[in-house]
Structure formats: C-alpha cells, structure tokens
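Visitor: I'd like to poke at the labels people put on a model like this one. Can you walk me through the reasoning behind them?

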Amino acid sequence: MDAIRRTKNRLLAFATGFFLIVCALVWFTHSRRSPPSYSGVVAEGKHVRIFAPMGERSHIDRLLKTADHALERYAGNLGVSLTDQRFDVYLYDKTKDYEQADAAFNSGRTKANLAFCNGSISHIYVRPGPRGMPAQDIFNTQATLAHELCHAIHQRKFPSYDYLPDWLNEGVADVWAEAAMSNDGAPQAELSSWYSAYFENVQDTIQRRRLLPLSKLTSASFTRHTHDYRGQLYGEAYILVRMLDDPSPSNSKQRERFRQFLNEVNSYPASKGTDTRVNARFSQIFGGSASKGLMRDYLSYVKNTQVFPWFARNGNVHTLANGSLLTESYQNQTIIAFHKTKNSVHDFKICCDIDISPVGTREVDIVLSNAANNYYHAIYFGPKYSGLLTYNGEYHNWGRVGMDPKVFQSRRHRIELHVRGHHLTAKFDGKRLLDINVVNPEFSSEHWGVGCCDSSVVFSNLHRETGDGAYSAPS
Ligand SMILES: [Zn+2]
C-alpha cells in the first residue's frame, strides 16, 4: 500500500509539476503573442477593431470604412467567409512603440518597414511613407491598412501563407489593396502618387539596367534590406502580380490562370520548402523565370502604364472618378501638387473651378516653380487677401490685395491666372485681384501646380492654356 501510495504521491507531484510547466508555457506563449497594452482609441467596424493613438482619431471612420470594404473584397476574391471574429489593427505614431511591437511579435525583422502582420494582427507605423512621402498622409495610412489586412485574412484562412514566397504575398497585398482603394472612388496607379511611385521606381530601375531577373525576384526574401533595395523588390513584385491579375478584358485568361494558381498554392501544406514548390509551379504555369515572353510582357506593361502626372508634398493628392483633382493638406500645413510636365511657354493661363471644404477660413494656392520643393512662387487666395509669395526656405511677399472675407463663405469659386513673361494677373470669380509685374528675376514657370492650406480642395475643369489659345489638359 505504502509503495502504492508513494508511487501515487510521486505521480501526483509529477503531474502537478507537469501541469505547472504547461501553464507556464501557455502563459509565456500567450504573453508573447498578445498585443502590448495600448491606451489608445478602440474603434470597431464590421470586421475590424482599430487601436489608435489620439492623432489618428480624426480620420478613424475613414480607416474603418477602408478596412471593412477591403476585407469584404478579399473574402470575395478568396472564396472565404468573414466570421464574427474581428481583425485587430494597431496604429503607432511613435517609432519606439512600433519597434517594440516589431521586436516582440516579428523578431525585429520589419523594424525598417512601415507595418507588419503577425498572427492576423496588423501593426502599422503611421508617420512616414515610401520615398520620403510626407507624414500622416491619410491615404498612405489607408493604403497600408488595406495591404496589411490582405496579409491578415490570408494568415487567418490559410496555414500555408507564411511559407509562400515573399514576391507573391507582397505583390498580391499591394495589388488587391490598390483595387480595394479604387472601388471607393480613390486612386489607381494612374490616379495617385502612392502606386504610380512603384512604376516610376521600376522604370528607373530598367533604365539603369538593374531590373532583377525573375528567378532572383521570386526567390528573394523581402526583409532586412536597405530602403532602396526593399523598395525595388516590392515595386517589381507589385508590377508582376498587377500584370498577371490585371482586370482588363484582354487579360481575362491570364487573370483566371493566376487566380487558379493562387487557390492551388494557398492549399499547400504549411511547411518548409513550400516557397520553392510554389515558384516551381509558377514556372510551370507562366513559362517561368527563364521565359523571355513573360519578361517581354513585363517590360511593355511597365512602359504602357501611365503614371500619375502630379507630385505632391505635405498631403494627399489624387484624381477623383469624375476627373477632378483633390488636394488635402494636414492640419496647419500647405499641400502643393506640382505637375510633372515642364512648362516651356512664357504666355499661359491656368484656369479651374474650386470647391473648398471646410468652407470659410481656408486658403487656395496656384503654384509656379522651377525647383519644385524648395523654391517656388505661390499665388494664394485667402479669406482676407490674395497675393504673390516666393518661397525659398521662407516666404517673401511681392504684393497683396484685400479680399472680402465673405467670399470664402461660399464653397464654389472660379480662379484664372494669366502669366505673360514676368507679368501676372489673377482673377477670382471673374474679378481681377492681382495685376503685377514680378520684379524677382528668378520668377519662373517651369512647373505649375495647385494646392491648399489646412483644408481639402477639389479642382475641377483644371487646365492650362497657352497664350496662343492651345489647350493642355493636366492629366
Ligand atoms: Zn506586406
């Protein structure tokens, strides 16, 4: 009996010890996988919960809308259903917080990236965009959110996802995010700088003869690289997937094959070596890395895709579905959108209708420049006066005329600007406001553009006419 009791006691002690070890392991694993405590706002959409710092509160509704719409679209693409279990998204506005989350959940692999997704939870750093895009651009945040949620739904629904090659996961995330954004009336590559920057980067890479062979792109890991090389990998993968998945009718067969390929590889086992198997299958279906045909198609796809004709600083600029141009600036900042085409004529007019939101206290600019970002002239229309400024690190005032503050209480206005050599006239709602000779010998008009301060302005019927009556549409 004693022996039996002793054995029982030993077994009990062993079982208790084992139980405690299991508990410790579960606790450890759980604590490693739980998101950090976060005192930010929690906003709940249909399919997401967003944990965000105070700064993101003003556009949280837009983020929820983007997230829900994107997830529904992805679920449709993948033929899966969305359950009641929402996807969690953490936004960080401090580098330190983002890096901490990256170290805790992703072994610090994506420290230099904008975002990562782990266990179908998205972590997004909300400040800078790629290629030095400005901080807090709401469109950039929306695009990044849509990208991460594409990873999130794949991770939740397909165990193999983390074993697929990076080019496929990242390319699909960008291409599907772009499509999800455009369905909201927001931009595609031709209509916004976010996606067209990829095309411009790859065009540049092709010119410098640095385009990676497909074999190198498809086998590459996309983490732990320099900023430029990582940008190149993402850009090349995005264009490859975009070409294969292009929804235009002439690409319908190839798109169907690509979607079938995706379905097939999503069902592969979650094991090492799956990426090699996926790439081999890709080669089999699409001619593979040695295929000259695929490469030829790729080069002509890059060449024939029109890029967005504007470059912007300090905000969001994109073309709306009706062809109007929208500029949105951050709080207390001025956004300037410069047209990429150089203006070689010295007698021209810029004409547009404007809709200002919010109405009442804002500012609209027409910009002329020869060194876009740090040296330009702005003809501004504000609620108190209009005038000409030169910016070269600081603003210089060349002349201003009082405006009736009441005019800005209505939303829609017409602006006309006529530049003839160094002579400038500006009309606001048909009334001549400025008529000045610009004494600054550096007054120039190499690029032209539009912008606004601390507001959102839609420019419609925006065009440039040359003095001899020739017409040039901006896009
Ligand atoms: Zn990604």
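Visitor: How do you know that strand β15 and β16 run antiparallel, and how many bridges join them?

Guide: Keep in mind that this is a predicted model. Six bridges join β15 (residues 412–420) to β16, and the two run antiparallel. Two bridges are enough for strands to count as paired, so the call is safe by that rule. One of the matches puts Glu416 against its bridge partner Lys427 in β16.

Visitor: What makes β15 and β16 a hairpin, and which residue in the turn has a positive phi?

Guide: Two residues sit between the strands, and Gly421 in that turn has a positive phi of about 60°. On its other side, β16 pairs with β17 (residues 431–437), again antiparallel and over six bridges. There, Thr425 stands opposite Asp435. That pair is a hairpin with two residues between the strands as well, and Asp429 in the turn has a positive phi of about 50°.

Visitor: Which side chains of β16 are buried, and which are not?

Guide: Leu424, Ala426 and Phe428 point to one face and are buried, while His423, Thr425 and Lys427 point to the other and are not. In a regular strand the side chains swap between the two faces of the sheet.

Visitor: Why is Ala337 called buried?

Guide: Count the neighbours: 28 other C-beta atoms lie within 10 Å of Ala337. The cut-off for buried is 20 or more, so Ala337 counts as buried. Ala337 is in strand β9 (residues 334–339). Leaving out neighbours within four places in sequence, its contacts are Trp310, Ala312, Val317, Thr327, Gly449, Val450 and Gly451. The C-alpha atoms of Ala337 and Asn316 are 8.8 Å apart, with the two residues 21 apart along the chain.

Visitor: Why is Ser107 called exposed?

Guide: Ser107 has 11 C-beta neighbours inside 10 Å, and exposed means 12 or fewer, so the label fits. Ser107 is in the loop between α3 and β4. Its phi is near 55°, a positive value in a residue other than glycine.

Visitor: And what makes Ser120 partly exposed?

Guide: Ser120 has 18 C-beta neighbours inside 10 Å. Buried needs 20 or more and exposed needs 12 or fewer, so Ser120 falls in between. Ser120 is in the loop between β4 and β5, and although it is not a glycine, its phi is positive at about 65°.

Visitor: What is the order of the strands in the open sheet, and what is the pairing?

Guide: Five strands form it, in the order β1-β2-β3-β5-β4, and the pairing is mixed. β1 and β4 (115–118) are called edge strands because each pairs on one side only. The twist averages 15° from one strand to the next.

Visitor: Which strands here run antiparallel, joined by four bridges?

Guide: β1 (residues 41–44) and β2 do, and a hairpin joins them through three residues. By contrast, β2 and β3 (residues 87–92) pair in the parallel sense over four bridges, with Val48 partnered by Phe87. β3 and β5 (residues 121–125) are parallel over four bridges too, and Tyr90 has His123 as its bridge partner. Helix α3 (residues 95–106) packs on the sheet, touching β3, β4 and β5, and its direction makes about 150° with that of β5.

Visitor: How do you know that helix α4 has the span it should?

Guide: At 1.5 Å a residue, the 20 residues of α4 (residues 138–157) should span 28 Å, and the end C-alpha atoms are 28 Å apart, so the two agree. As for its surroundings, 16 of the 20 residues are buried, so α4 is largely enclosed by the rest of the structure.

Visitor: Why is the largest nonpolar core said to lie between domain 1 and domain 2?

Guide: That core has 73 residues, and Val89 and Leu149 touch the most other members. Domain 1 (37–157) and domain 2 (161–308) both give residues to the core, so it lies between them. A second, separate core of 42 residues includes Leu191, Phe348, Cys352 and Val367.

Key: Residues numbered from 1 in each chain as written. Predicted model: local features only at pLDDT ≥ 70, side-chain atom pairs only at ≥ 80, totals over all residues. Axes fitted to C-alpha atoms, helices over the stretch in contact; angles between N-to-C directions. Contact = placed C-beta atoms within 7 Å. Core = buried A, V, L, I, M, F, W, Y, C linked by C-beta atoms within 7 Å. Domains from an automatic or database assignment. Expected span 1.5 Å × (residues − 1).
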